[in-house]
Structures are given as structure tokens and as C-alpha cells.
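New to this one? Let's go through a few of the labels people put on a structure and check where they come from.

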Amino acid sequence: MSIIWDGSLAMGLPEIDQQHHRFVDLLAKLEKAIENREEATHLADVFDELEQYIKFHFGNEEKHFEEFGCYPNAEAHTHAHAAFAAHVKKIRYQFLDKPSEAAFELARSMYEWLSRHIAVMDHEYEQCFREHGMGETKQAED
């Protein structure tokens with residue numbers, strides 16, 4: 001299965017959408033490494049980039065939760081972030097000598113995160129962020 005950003009996950013919050021697009025790009029990079037049987041070559045880079053993404057993106061969302069103060073599920077959302085970050089680290093070290101297994105487990109986890117968190121849970125704060133000027137002005141739909 002090959003994933004590309006097609007805008008279906010877009011929230012109309014450019015800052016957040018750009019970051020989510022980066023997540024999808026990382027997943028696509030991982031998929032390509034798996035398809036080409038190059039997990040051993042590219043997996044460390046994917047983990048490094050994903051961990052940087054997690055630190056930046058989760059920190060950014062959580063900063064806005066605190067700053068805006070209008071997202072009632074902020075605590076649970078923050079706990080979900082921490083759990084995913086810990087899970088990624090666990091995969092990295094659990095499969096240290098098994099890059100193929102690590103790649104498949106990471107891809108599975110990233111797909112799950114994409115479908116359950118980005119596509120669902122992140123939309124819960126959309127209105128809050130819009131109320132604080134983060135949304136784009138709606139133009140005619142493409």
C-alpha cells in the first residue's frame with residue numbers, strides 16, 4: 001500500500017496540515033524502503049526524522065492547547081502523544097537487530113496513528129484553533 005498526501009486529511013489549519021503532510025511523507029519513505037527491501041539502510045533515518053517530527057509537532061499542538069485554553073480534551077490528547085512517542089522508541093530498541101521487523105511494526109503503528117489520531121482525534125481541536133485565527137479563509141473548493 002502506497003500512501004501520498006491527497007488533502008483528505010487536511011483540516012484547513014495550514015500550520016497543522018503542513019506538519020501532518022510531513023508525517024505522511026515519512027510514512028511513504030518507510031513504505032518505499034520496505035518495498036525496496038532497504039529497511040536496514042533507511043530505517044535509522046526514518047526513526048530519527050520521526051522522533052524529530054514527534055518532538056516538534058506534538059510540542060506545537062500542546063503549546064497551542066495551553067495557549068488557547070479552549071480544547072477540553074487536551075489532557076487526553078497529550079497523553080496519546082506521549083504514548084505514541086514511547087511506542088516509537090520501544091519499536092526502535094525492541095527490534096534493534098531486526099530492521100525488517102522494526103520497519104513493518106513502525107509502518108503498522110504509523111498507519112494506525114494516521115487513521116485514529118490524525119484523521120479523528122486531531123479534528124477535535126480544529127474549532128478551537130480556528131477560533132484563535134489559525135484556520136485559512138475558506139475559498140471555493142477545488
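Here are some short questions and answers on this predicted model.

Q: Why is H1 called roughly antiparallel to H2?
A: Helix H1 (residues 14-35) and helix H2 (residues 39-68) pack at an angle of about 165°, with axes 10 Å apart. Angles over 145 degrees count as roughly antiparallel, so that label fits H1 and H2.

Q: What else describes the way H1 meets H2?
A: H1 passes H2 in a left-handed crossing. Sorted by class, their contact has 11 nonpolar, 6 polar and 7 charged residues.

Q: Why is Arg130 called partly exposed rather than buried?
A: Arg130, which sits in helix H5 (residues 126-131), has a relative accessible area of 22%. Buried means under 20% and exposed means over 50%, so Arg130 lands in between and counts as partly exposed.

Q: Which residues of helix H4 are buried, and what do they pack against?
A: The buried ones in H4 (residues 99-118) include Ala103, Leu106, Ala107, Met110 and Trp113. The buried residues of H4 pack against H1, H2 and helix H3 (74-94).

Q: What makes Leu30 stand out in the largest nonpolar core?
A: That core has 40 residues, and Leu30 is among the six that touch the most other members, along with Phe23, Leu50, Leu106, Met110 and Phe129. Leaving out residues up to four places away in sequence, Leu30 touches Leu43, Val46, Ala103, Leu106, Ala107 and Met110.

Q: Which element gives the largest share of this core?
A: H2 does, with 9 residues.

Technical notes. Residues numbered from 1 in each chain as written. Predicted model: local features only at pLDDT ≥ 70, side-chain atom pairs only at ≥ 80, totals over all residues. Heavy atoms only, no water. Axes fitted to C-alpha atoms, helices over the stretch in contact; angles between N-to-C directions. Helix = DSSP H or I, 4+ residues; strand = E, 2+ residues; numbered from the N terminus. Parallel < 35°, antiparallel > 145°, perpendicular 65-115°, else oblique. Left-handed = near helix turned anticlockwise from the far one by under 90°. Nonpolar A, V, L, I, M, F, W, Y, C, P; charged D, E, K, R; others polar. Buried < 20%, exposed > 50% of the residue type's maximum accessible area, 1.4 Å probe, protein only. Contact = heavy atoms within 4.5 Å. Core = buried A, V, L, I, M, F, W, Y, C linked by side-chain atoms within 4.5 Å.
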